[in-house]
Amino acid sequence: MIHDIWTVVWKEWQEFRDQLLSLRRGGLSALILALILGVVAPVQLGAEWVESRLIIGYWPFLAATMVSSLIADSVAGERERHTLETLLASRLSDSAILIGKIIAAVMYGVGFAVANLAIGLIAVNVAHGENGLILFAPQRFMVTIVFTILASLLMAGIGVFISLRASTVKQAQQAFGIAIIVLTMGPLLLFNALSYETRTAFIARLGRVGETRIEAYVVAGLFVLSAIVIAGALARFKRGKLVFD
Amino acid sequence: MPNGPELAIRAEHVTRDFGPVRALDALSLEIPKGIVFGFLGPNGAGKTTAIRVLLGLIDPSAGHAEVLGLDTRRDGSAIRTRCGALLEHPGLYERLSAYDNLDFYGRAWRIPRGDRQERIRELLTRFGLWERREDPVGRWSRGMKQKLAVARAVLHRPALVFLDEPTSGLDPVATAGLREDLAALAAQEGVTVFLTTHNLNEAERLCAQVGVIRGGKLLAVGSPEQLRARGDSGRVDILTTGITEELVRHLAGLPDVRTATASGDHLAVSLSNGASVAPIVAWLVQHEVGVEEVRKVRATLEDAFLDLMGAETTNGEAAGGTT
């Protein structure tokens, strides 16, 4: 099983590599993104780029967005390009194929985020490190990485469902765009819809709970949600059904 | 009846329904190991569904099928491990190189690295694709892609290969080339080939046995010679002297003569099933026509196929049934 999963990961990475190396197929946008996020933003913001709490939400969001695009191409694209049935006719199991695709996309998304964090750290130190090394607080860095992995897994699981229902990659990516807006903007809009008193009370209660405990709750929540969604995706990704899609 | 291990495929009354549509209708088939079997039928006849059932990708609604002695319902994974397949589409990753396409499936079949490299080189060389191995497959012609897809199907030296219309959409030169490659491959690798096609010429040249399917029903099965014999064309070519248009018209009106046409001294007569040519020759001689040569036209597989298609249509219409 492990060998089969890595075989699928290997194939997916060969395709991602091709996309990354080809400027027309997404390599250029990845390069621009890496330049802005990994060099321009850290140089402009300085130490604030490292100390801001926003990184806990920002990098997971970036990785999850990347994963959504990759998983759509990997699942819906496999069907659109008529390679899925041949893959299903191989000896690889349904779960090895799906888990391999999810791991490949998550590795790519998380890898991109971590690489940008590392480049950013170098950039910020080169530009502003005259008074000593500027580093992330270890706990915040760890939480950011864990959030990034879990958000990517959740998005990959959701992506499988969306991609299995979409007939083309474009359709899947459009559906993803809407899902991301709903998932990120929805809670903010809901929060703003609350009365001023309720919001103040809510923030005060969060303050009493403490930052570490909130982070632990979010990690647990993301973990459970990811597990449920991926288990559902595994149940849906079956040869007998896929052959007719 | 041969037992399991001597048969590559055994299907017993396999039926597959898709809602109200019956794609396979009580298909019973026995295919010995080591032959090229051609599954002939028009589009929508049930050929692809048969492959999907035999590969264990979908279960039959009723009936039972075994592939290499394995149950298609229970042992799908084991069947797919021992079989290769080129399905409706080549199924190649067009962004990857030819080498990487084969490398991926070689890894999937757990072929050790050294053997895998050697096998990929052997197959790409055999199909004349080695020099282009690093090209992304998306840049290749349809014929080259089909060859690569065949190479992928036999990469792991399967005992049985399913090829679903492998020459479909190819130009005549590419078709002939791929056909030669398939024949050589089947002979050299000793693999059983289950080939679906609606190209009768291809089936006649490649297959030791053929089955004809329509509307999910198996209409006939046997060697191409046996099917040709079933489809006796009833056509006779007669080289004459002194035949006139008037006599040809009279001849066409005789009992047991379906059609009669003349081109110069060459007379072509189509007889009813089982009718003898002797009374026709006697009639010609009686009307002072010189008979230089009489030759029965051997039925082609196409004649037999069209006869079967025609007979089935007639039967279906007479019974008011659907296929």
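This is a short tour of chain B and its contact with chain A in a predicted model.

**Before you start: confidence**

Colour chain B by pLDDT. Its mean is 84, and 93% of its residues reach 70 or more. Among the elements of chain B, helix α3 (residues 98-108) has the highest mean pLDDT, 95, while helix α11 (residues 301-319) has the lowest, 60. Now pick out residues 316-323 of chain B: pLDDT stays under 50 here, and the model has six contacts beyond four places in sequence for this stretch. Where pLDDT is low, predicted coordinates should not be read in detail. For the model as a whole, the scores are ipTM 0.80 and pTM 0.78.

**Stop 1: a four-stranded sheet**

Show the strands β11 to β14 of chain B as a cartoon. They make an open, antiparallel sheet, and the order across it is β12-β13-β11-β14. Each of β12 (257-263) and β14 (290-296) of chain B has a single partner strand, so these two stand at the edges with one side left without a neighbour in the sheet. On average, and ignoring direction, neighbouring strands of this sheet are turned by 20 degrees against each other.

Next, zoom in on β11 (residues 235-241) and β13 (residues 266-271) of chain B, an antiparallel pair joined over five bridges. To see one of the bridge partners, select Val236(B) together with Val269(B) in β13(B).

Then add helix α10 (residues 278-286) of chain B. It lies across β11, β12, β13 and β14 of chain B, and it runs at about 165 degrees to β14(B).

**Stop 2: two crossing helices**

Move to α3(B) and helix α4 (residues 113-126) of chain B. Their axes come within 10 Å and cross at roughly 130 degrees. That angle is neither over 145 nor within 65 to 115 degrees, and α3(B) and α4(B) are therefore oblique to each other. The crossing is right-handed.

Turn on side chains for the residues that make the contact:

- from α3(B): Ala98(B), Tyr99(B), Leu102(B), Asp103(B) and Gly106(B)
- from α4(B): Arg116(B), Arg119(B), Ile120(B) and Leu124(B)

By class, five residues of this α3(B) and α4(B) contact are nonpolar, one is polar and three are charged.

**Stop 3: where chain B touches chain A**

Finally, bring chain A into view. How many residues does each chain bring to the contact? There are 24 from chain B and 21 from chain A. On the chain B side, the elements giving two or more residues are α2 (76-82) and α3. You will recognise α3(B), which gives the most, with five residues. Colouring this side of chain B by class shows twelve nonpolar, four polar and eight charged residues.

How values were computed: Residues are numbered from 1 along each chain as its sequence is written. Chains are lettered from A and ligands numbered from 1 in the order in which they are written. This is a predicted model: local features need pLDDT of at least 70, side-chain atom pairs count only at pLDDT 80 or more; totals for chains, interfaces and linings use all residues. pLDDT is the predictor's confidence in each residue, from 0 to 100. Two residues are in contact if their C-beta atoms, placed from the backbone, lie within 7 Å. Two strands pair if DSSP finds at least two bridges between them. Axes are lines fitted to C-alpha atoms, for helices over the stretch in contact, and angles run from 0 to 180 degrees between N-to-C directions. Angles under 35 degrees count as roughly parallel, over 145 as roughly antiparallel, 65 to 115 as roughly perpendicular and the rest as oblique. A crossing is left-handed if the near helix is turned anticlockwise from the far one by less than a right angle, and right-handed if clockwise. Ala, Val, Leu, Ile, Met, Phe, Trp, Tyr, Cys and Pro count as nonpolar, Asp, Glu, Lys and Arg as charged, and the others, Gly among them, as polar.
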